[in-house]
Amino acid sequence: MKRWLLWVPLAAFVVLVIVVALNLRPTDTTVRSRLVGKPLPAFTLAASVPGKPGLSDAAFRDGKPKLLNVFASWCVPCLAEAPKLLRLKEAGADIRAVAIRDRSADVQRFLAENGDPYAAIGDDPTSQVQLALGSSGVPETFVIDGKGIIRAQHIGDIRDSDVPELLRALEAAR
């Protein structure tokens, strides 16, 4: 009987390690913006590419809902979502963009190769606007109502199944 008691501390330790390990796994690693339901932060960005306007928060207060896409030419998921953004534009979505830590020539090449769904693209070379939005990476897309209020956030690249959802969110933001 005494030999069996020697194993009790080891068994308790193993059970403790298993319980701690199971509780340390994150259940959701998505970083959501705390600005959903709040106004866009004030910003003014220079144009990222020639021939297309820059971007400011004022552009989102004209009474019409818009999508704000945070992207970069060097971002592989941004490349994957490019055709979906074109579909959204064809369906009537007004899409504005913030180019993160990018060069004008690279953005121009990206748009030439993958299509250009954007009405305006602001240059955010230090990610200040991206961080102010509460965006944790690229790509991310925000639904902004006509008063400049962030109504929804889509994290990651837009997939085929997300297009109708974003169109519904735009309609709900009217």
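Let me start at one residue pair: in strand β7, the bridge partner of V143 is A152, and I should say at once that what we are looking at is a predicted model. That pair belongs to the contact between β6, residues 140–144, and β7, where 5 bridges join two strands that run antiparallel. The two strands form a hairpin with 5 residues between them, and in the turn G148 has a positive phi of about 85°.

Stepping back from the hairpin, we find an open sheet of 5 strands, in the order β5-β4-β3-β6-β7, with mixed pairing. Its edge strands are β5, at 118–124, and β7, at 150–155, each of which pairs on one side only. On average, and ignoring direction, neighbouring strands of this sheet are turned by 20° against each other.

Over at the β5 edge, strand β4, which covers residues 95–100, pairs with β5 in the parallel sense over 6 bridges, and here A97 has I121 in β5 as its bridge partner. Helix α3, residues 104–114, lies across β3 (66–71), β4 and β5, and runs at about 155° to β5.

Now to the surface, and to helix α1. A nonpolar patch there is formed by L6, W7, L10, F13, V14, L16, V17, I18, V20, L22 and L24, which together have about 1100 Å² of accessible area. One of these residues, V20, is found in helix α1, residues 2–24. Is V20 buried, exposed or partly exposed? V20 counts as partly exposed because its relative accessibility is 40%, and that class lies between under 20% for buried and over 50% for exposed.

Terms used
Residues are numbered from 1 along each chain as its sequence is written. This is a predicted model: local features need pLDDT of at least 70, side-chain atom pairs count only at pLDDT 80 or more; totals for chains, interfaces and linings use all residues. Side-chain values use heavy atoms; hydrogens and water are left out. Two strands pair if DSSP finds at least two bridges between them. Helices (H or I, at least four residues) and strands (E, at least two) are DSSP runs, numbered from the N terminus. Axes are lines fitted to C-alpha atoms, for helices over the stretch in contact, and angles run from 0 to 180 degrees between N-to-C directions. Contact means heavy atoms within 4.5 Å. Patches are made of residues with over 30% relative accessible area and no salt bridge: like charges are joined within 9 Å, nonpolar side chains (Val, Leu, Ile, Met, Phe, Trp, Tyr) within 5 Å. Accessible areas come from the Shrake-Rupley method with a 1.4 Å probe; for residues, only the protein chains shown count as cover. A salt bridge is a side-chain nitrogen of Lys or Arg within 4 Å of a carboxyl oxygen of Asp or Glu. Buried means under 20% relative accessible area, exposed over 50%, partly exposed in between (1.4 Å probe, protein chains only).
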